[in-house]
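Visitor: Could you zoom in on one strand pairing for me, and then follow the trail from there? I'm new to this, so please go slowly.

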Amino acid sequence: MNRKRILGGVIGIFALAFVGCGKKQEELNLFTWDGMFPQEVLEGFEQETGIKINYSNFNYDEDMLAKLEETKGGDYDVVLADDYIIELAIEEGLVQKLDKESLSNFGNINPLYQGQFYDLTDEYTVPYGVGIPLIVYDPKKVDFEIKGYEDLWNEKLKKNVAVIGSHRVMNGIALKTLGESFNVENLDTIQKAGNKMLELAPNIRLISDSNTQDYILSGEVSAAFMYTSQVNQALTANPELKAVYPEEGLGFGIIAGFIPSNAPNSKGANAFLNYLLRPEVSAKCVEFIQYYSANKAADNLISEEFKSMLVLPESITEGEMIQNVSAQAEELHGRIWEEFKKACE
């Protein structure tokens with residue numbers, strides 16, 4: 001027997017084994033805010049596909065866009081961000097079209113959240129969660145029924161209302177009380193809403209984007225206009241509070257996932273987005289982030305504990321998104337907001 005041949009064969013086997021062991025694991029670079037996924041969802045994808053998820057986060061949408069611009073749509077495979085910034089990323093050519101053939105679960109998306117301004121043809125994005133700011137009030141402390149935005153101006157609520165600090169949302173509800181769109185461009189109309197905002201100032205006790213629900217739970221205010229997650233936390237802590245779907249019309253925003261134009265692993269990215277669209281996975285995600293479900297097929301899988309807070313009533317079939325407006329309109333919105341905050345002091 002040729003010992004050299006045997007030795008060479010053994011060496012070859014070890015060499016192949018070494019190459020196999022050295023093969024780099026497939027990875028997926030996920031970029032979004034901190035705390036956007038339950039760990040079991042991320043681990044489930046990794047176990048099922050063998051793709052390792054590298055999770056990195058940003059604090060603000062603008063930071064995300066700057067990073068994509070810097071990398072020319074590279075480095076990251078899946079990004080989750082807000083609608084208005086996604087519109088800008090698409091316009092700058094930083095987003096690639098989805099591989100619809102690999103997205104077998106795309107039909108699960110609620111039609112209400114498709115064809116929106118930031119992706120009119122649904123070619124680039126997959127909705128993940130929907131934010132709908134609502135009014136919450138304590139019926140034990142408010143002796144009238146609040147039905148819409150206009151009721152926040154009621155003099156019975158003097159120094160008794162907490163609101164969020166988003167100037168476009170707040171100016172928007174004033175526009176809605178005038179029968180206007182959140183996104184009106186006419187400067188005179190926007191100014192009328194600004195005058196209306198000043199009339200609201202005497203009722204405002206505080207403006208806060210963080211933990212706004214704490215103020216109504218503590219009894220410091222009797223009514224609050226809050227983000228979805230804050231509304232849900234308030235109702236969970238005190239089920240006797242009432243949430244109001246304003247009769248003037250809902251405003252909503254969408255968090256959506258997309259694939260950057262030069263993503264290192266676009267195939268894995270499409271697989272991950274399709275995984276998120278599974279009804280059982282989507283239900284776990286919205287329960288975790290406390291946003292409204294964008295996945296119609298997931299609605300019935302959301303636990304009864306959360307269903308009333310995360311699934312829109314069947315009677316609501318439309319809403320309006322806050323969009324990017326002209327520079328002049330945006331500047332006026334900013335001035336109005338500063339005047340309003342000063343009047344609330």
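**A pairing, its sheet, and another strand**

Guide: Let's start with one residue: L134 has M226 in β8 as its bridge partner. Before we go on, this is a predicted model, where local features need pLDDT of at least 70 and side-chain atom pairs count only at pLDDT 80 or more, while totals for chains, interfaces and linings use all residues. Residues are numbered from 1 along each chain as its sequence is written, and side-chain values use heavy atoms, leaving out hydrogens and water.

Back to our pair. Strand β5 (residues 134-137) runs antiparallel to strand β8 (residues 223-226), with 4 bridges between them. To count as paired, two strands need at least two bridges found by DSSP. Strands are DSSP runs of E with at least two residues, helices are runs of H or I with at least four, and both are numbered from the N terminus.

Now step back to the sheet. It is open, with 5 strands in the order β7-β6-β8-β5-β9 and mixed pairing. At the edges stand β7 (204-207) and β9 (242-244); each has a single partner strand, so one side of each is left without a neighbour in the sheet. On average, neighbouring strands here are turned by 20° against each other, direction ignored (axes are lines fitted to C-alpha atoms, for helices over the stretch in contact, and angles run from 0 to 180 degrees between N-to-C directions).

Next stop: strand β4 (residues 125-131), where you'll find T125. T125 has a relative accessible area of 2%, so it counts as buried (under 20%; over 50% is exposed and in between is partly exposed, using a 1.4 Å probe and protein chains only). Leaving out residues up to four places away in sequence, T125 touches several others, including I86, F106 and F258; contact means heavy atoms within 4.5 Å.

Finally, look for a cavity, a set of points on a 1 Å grid over the protein atoms alone where a 1.4 Å probe fits but cannot get out. The count comes to 1 cavity of 30 Å³ or more. The largest cavity has a volume of about 100 Å³, the space filled by probe spheres set on the points, with grid points joined across faces, edges and corners. Among its lining residues (those with an atom within 4 Å of a point) are V126, P127 and Y128. β4 gives the largest share of that lining, 3 residues, while α9 (266-276) and α10 (279-289) each supply at least two.

Terms used. 1 Å grid on protein atoms, 1.4 Å probe; cavity = no way out; pocket = protein on both sides within 12 Å on 5 of 7 lines; lining within 4 Å.
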